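Reader: Please take one part of this model, look at it closely, and then follow its surroundings outward through the rest of the chain.

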Amino acid sequence: MAVVTGGGTGIGAAVARRLAEREWLCVLVGRREDRLQATAAEIAGEHEVCDVADRNAVERMAASVCERHPEIGLLVNNAGVSGRGNYLDLPAERIEELIRINYLGSVWCLRAFLPALEAAAPSHLVNVVSVAGTVAVGPYSASKHAQLAFSRSVARELRPHGIHVHTVNPGFVHTEGFPQDWLLRGRFKRAVVGPEYVAERIVSAIERDRAEIFVPRWYRAAAIAQALVPGTFRRVPARRARH
């Protein structure tokens, strides 16, 4: 049994479809009930309306799910929002939202579902982070960097509990919530992948017990460049950073 946050559309929905093909029962979590219902009906799954940024709401949602399913073999922390902009031009409220959803949402979901994950051990936790979390290009990047540190940290903490942690760092993925039209119209369109491709890599990482992957693989070069030549990203123009 699997719980997928942000499961109504995009990467979350694609992951749920892949899991359903492998006979996982999925509970889809998100804010848009209409999209959750449609995707859940498509895969014969369940859904729960919840804003993962709200810790109390997450705890209520998890209690409802765990009442029906005391053992959860997989939690996919996929819920996230985009934040193209810089610290000097994004509204303060938007910066706070990025942290609450992209980072704290993963924390609250893990804590709420931990007993059920332990009950199903060996079980799995997938954190869908981003290549943006490995570089420094604005508030969105910072929120994903926090989620990346969280994912790497809990990998060590959860090992004694029989929970395998998988960190997934996608690059540019064209979805409803993260449209990449500006890239698809240009010469870098090959840098963009679809949610189905990411979902395939996520399921493969679970089945092969891969600790951390980049999607596509060559995006790892950005993380290496940031670590070895941090000054490179300081020279990226602010107008580019917004993308």
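Author: A charge is taken to sit over a ring if NZ of Lys or CZ of Arg is within 6 Å of the ring centre and within 35 degrees of the ring normal. In this predicted model, the charged end of R55 sits over the ring of W108, at 5.6 Å from the centre of that ring. This arrangement should be kept apart from pairs formed by two aromatic rings, of which a search of the whole structure finds zero.

The ring of W108 also leads to the part that I would examine closely, namely V52, since W108 is one of the residues that V52 touches. V52 belongs to the loop between β3 and α3, the latter spanning residues 55-68. Is V52 buried or exposed? V52 counts as buried because its relative accessible area is 7%, and the limit for that class is under 20%. Leaving aside residues up to four places away in sequence, V52 is in contact with T5, V58, A79, R100, I101, G105, W108 and C109. A further spatial relation involves G80, which is 28 residues from V52 along the chain, while the C-alpha atoms of the two are separated by 9.2 Å.

Among the contacts of V52, T5 offers a way into the strands, for T5 is one of the residues of strand β1, which covers residues 2-5. In a regular strand the side chains alternate between the two faces of the sheet. In β1 both faces are covered, with A2 and V4 buried on one side, and V3 and T5 buried on the other.

β1 pairs with two strands that are described here. With strand β2, residues 26-30, β1 runs parallel and is joined by four bridges, and within this pairing V3 stands opposite V27. With strand β4, residues 74-77, β1 also pairs in the parallel sense, here over three bridges, and A2 stands opposite L74. The pairing then continues from β2 to strand β3, residues 46-49, with four bridges joining these parallel strands; there H47 is the bridge partner of L28. This brings the description back to V52, whose loop lies between β3 and α3.

The connections between these strands can be followed as well. β1, helix α1 (residues 10-21) and β2 form a right-handed β-α-β unit, and β2, helix α2 (residues 33-43) and β3 likewise make a right-handed β-α-β unit. E23 is found in the loop that links α1 to β2, and with a relative accessibility of 75% E23 counts as exposed, whereas V52 in the loop after β3 is buried.

The backbone of E23 deserves separate attention. Most residues other than glycine have a negative phi, and most peptide bonds are trans. E23, although not a glycine, has a positive phi near 70°. D209 is another non-glycine residue with a positive phi, in this case about 55°, and D209 lies in the loop between α7 (195-208) and β9. Unlike the exposed E23, D209 is partly exposed, with a relative accessible area of 41%.

Two cis peptide bonds can be added to this account of the backbone. One leads from A121 to P122, with omega near 5°, and P122 is situated in the loop between α4 (92-119) and β5 (123-128). Another joins V215 and P216, with an omega of about -10°, and P216 is in the loop between β9 (212-215) and α8.

Helix α8 itself, residues 220-228, contains A221, which is partly exposed at a relative accessible area of 47%. A221 is 90 residues away from V131 in sequence, while their C-alpha atoms are 9.8 Å apart in space.

To set V52 in the context of the chain, the secondary structure comes to ten helices and nine strands, and 49% of the 243 residues count as buried. Of the contacts between residues at least 6 apart in sequence, 63% join residues at least 24 apart. The chain exposes about 11,900 Å², of which carbon and sulfur atoms supply 52%.

Definitions and conventions:
Residues are numbered from 1 along each chain as its sequence is written. This is a predicted model: local features need pLDDT of at least 70, side-chain atom pairs count only at pLDDT 80 or more; totals for chains, interfaces and linings use all residues. Side-chain values use heavy atoms; hydrogens and water are left out. Rings of Phe, Tyr and Trp (its six-membered ring) pair if their centres lie within 6.5 Å; planes under 30 degrees apart count as stacked, over 60 as edge-to-face and the rest as tilted. Buried means under 20% relative accessible area, exposed over 50%, partly exposed in between (1.4 Å probe, protein chains only). Contact means heavy atoms within 4.5 Å. Accessible areas come from the Shrake-Rupley method with a 1.4 Å probe; for residues, only the protein chains shown count as cover. Two strands pair if DSSP finds at least two bridges between them. A crossover is right-handed if, with the strands pointing away from the viewer, the path from the first strand over the helix to the second runs clockwise.
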